[in-house]
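Trainee: Please take me closely through one part of this model. Stay with the details and keep it brisk.

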Amino acid sequence: MATSDGRLTAVYDEVVARNPGEDEFHQAVREVLEDLGPVVGRHAAADVEVIRRLCEPERQVLFRVPWADDEGRPQLNRGFRVEFNSALGPYKGGLRFHPSVYLGIVKFLGFEQIFKNSLTGLPIGGAKGGSDFDPKGRSDAEVMRFCQSFMTELYRHLGEHTDVPAGDTGVGQREIGYLFGQYKRITNRYEAGVLTGKGLDWGGSRVRTEATGYGLVFFVEEVLRASSGSLDGTKVVVSGSGNVAVHAIEKVHQLGGRVIACSDSAGYVVDEDGIDLDLLREIKEQRRGRMSDYAEARGRSAQHVGDGSIWSVPCDVALPCATQNELDEAGAKQLVENGCRVVAEGANMPTTPDAIRLLRDAGVSFAPGKAANAGGVATSALEMQQNATRDTWTFEHTEQRLAEIMHSVHDRCLETAEEYGRPGDYVAGANIAGFLRVAEAMLALGLV
Ligand code: NDP
C-alpha cells in the first residue's frame, strides 16, 4: 500500500486478513487509507484505533430469501445488509439487486457510503445492502414476491431512526414500493421515513429520482468553474443508461453541454447530434429495451458499437455512471490522448486505481464518486426531513437545496485538499474531509 505510515499499512493488512476474497472492499479501504497518512498525528480524531474500528462494520446481516416464481417453482437468493457506521446518524445507503452482489461488494459500497454521507454535512450514517437476485426478465409479480420475502427478514433491522435503505442498481421505485408495502404490513406502521426513493404520492421527495445524475453535473460545473470554464458547448460521454446516466444526460443538456455517447452492458451508442433523451427514456423506461434499439430507432445519426470501449469516444468530460471498475487504465489513456479535461464518477468506484493514477498524473481533474455522486443520498436525507415534518417541498426548492449541497461538498473537498498539501486533489480532499467528520463523532461517542 502506498503510504509511509506503517500503522496504516498494518490496518490495511488486517482488513485483508479478516475479509478474505473481498477484493472490492480491500480496494475501497486501500484508496481511503492511502490518503490518511498526512492526517494521522496532525489531528486528534485521526487516531489509528479509530481508523481500525472504522474499517469493521458495526453489524452485518446475511439471510436466506426464498420465493416462488410464476410457475410456482421455489427460488432461492441471498440477502445482505451491512450496517457500517452510525456515528453521524441512522444507517443510510441503498439496496442493490444484481447477480454480482456478494458480501465484498456490499461492504465496499457500505464503506464508501460512510465518507459520502459524511461529506454531505447531513446527519446520516453509512450502510449498504442488496441481493444476488436479478430482476431482469422477471415479471412484476415475481419481483413483488421476491421483495416481500426480502423485507420479511430485513424489516426487523430497519426503522426511521435505525436504518433507512434506498434504491441502487436494480432497485427503482417499483421495488421500493413493494418493499415499503411489506414493511407497512408487517409492522402495521405508516413509517414513511424508513425507506427513501418512494413515489410522490406515498411519501417520496421531488428530485430524488433525478438527484444523483443532477448532483453529479452540478459538481462538474463547479470543477469547471474552478478553472474558469463551464459546461456550455462541452462534449460529454456518459457510460450506462440507467437512473444516474439518464439524469446526468438531462442536466448536461439543460446546462448547454452535449452528450454524444452512452451505453449499457451490451455496448455503446455514439450520437454526434446529441443523445435524444425522449427516445432513450421511451426505450429504456417504457420498453425496457437496449441501446441497440435506440440506435435502430434513431437512424443515421447514431451508431451502435457492440464490441469496444466507450472511452475511445473523444470528449471534454467523461462521466462513468454504470458500474464498479468499468474505466480501466487503457480507457483512461484513451481519454487523456483525446484531450478529456474532467472525469467525474456517477457510479460507485467505476475507475480502477491505475486509471485514477494515470488521470491525475496527466492533469485531468478527477472527481471521485463519494463526492460527485453524493446528490442521491443527500436528497434521500431531504426526503427523510420532509417525512419527519409531514411536509412536501416544491421541485425548485428541493433542486436548489441539492445544488447548494453539491457546491458545499465541492468546496469542502478543495479546501481540505489545500489544507493538507494536496491542492486540486479531489480524491484526497474527499477522503480526508469525509473521514474527519466521522472520526470526530466516533471519538466523542466513546468506545462503542
Ligand atoms: P441502474 O440499474 O439504473 O443502471 C445501471 C446501468 O449501467 C444500466 O444501463 C446497465 O446496463 C449499465 N451497466 C451495467 N454494467 C455495465 C457495464 N459493464 N458496461 C456498461 N454499462 C453497464 O443503476 P443506477 O443508475 O442507479 O446506478 C449506477 C451506478 O451509480 C452504480 O454504481 C450505483 O451504485 C451508483 N449510484 C447510484 C445512485 C442512485 O441514486 N441510483 C446513488 C449513488 C451511486 P444493463 O441494463 O445492460 O445492465
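**A helix, two sheets and a ligand**

Mentor: Helix α5 (residues 140-154) lies across β1, β2 (74-85), β3 and β4 (contact: heavy atoms within 4.5 Å). Its direction runs at about 140° to β1 (axes fitted to C-alpha atoms, angles from 0 to 180 degrees between N-to-C directions, helices over the stretch in contact). Helices (H or I, at least four residues) and strands (E, at least two) are DSSP runs, numbered from the N terminus. This is a predicted model: local features need pLDDT of at least 70, side-chain atom pairs need 80 or more, and totals for chains, interfaces and linings use all residues. Residues are numbered from 1 along each chain as its sequence is written, and side-chain values use heavy atoms, without hydrogens or water.

Now the strands under α5. They belong to an open sheet of five strands, ordered β1-β2-β4-β3-β5, with mixed pairing (at least two DSSP bridges per pair). β1 (59-68) and β5 (163-166) are at the edges; each has a single partner strand, so one side of each has no neighbour in the sheet. From one strand to the next, the twist averages 20°. Strands β3 (residues 91-97) and β4 (residues 126-131) pair in the parallel sense, over three bridges. R96 has G130 in β4 as its bridge partner.

R96 also leads to the ligand. The ligand is surrounded by 23 residues (a heavy atom within 4 Å); R96, D168, T212, S265 and R290 are the closest. D168 places a polar side-chain atom 2.7 Å from a ligand oxygen atom (polar contact: N or O atoms within 3.5 Å). For T169, an N or O atom of the side chain is 3.3 Å from an oxygen atom of the ligand. R208 also has a polar side-chain atom 3.3 Å from a ligand oxygen atom. Alone, the ligand exposes 890 Å², and the protein buries 81% of that (Shrake-Rupley, 1.4 Å probe). The shell holds four nonpolar, 13 polar and six charged residues. α8 and β7 each supply at least two residues of this shell.

That brings in the other sheet. Seven strands form an open sheet with mixed pairing, in the order β9-β8-β7-β6-β10-β11-β12. Its edge strands, β9 (302-305) and β12 (365-367), each pair on one side only. Neighbouring strands are turned by 15° against each other on average, direction ignored. β10 (residues 317-320) and β11 (residues 342-344) pair in the parallel sense over two bridges. There, A318 stands opposite V343 of β11. Helix α8 (residues 243-254) packs on this sheet and touches β6 (235-239), β7 (258-264) and β10. The direction of α8 makes about 175° with that of β7.

Terms used
Polar contact = N/O pair within 3.5 Å; in protein donor to acceptor, adjacent residues only side chain to side chain. Nonpolar A, V, L, I, M, F, W, Y, C, P; charged D, E, K, R; others polar.
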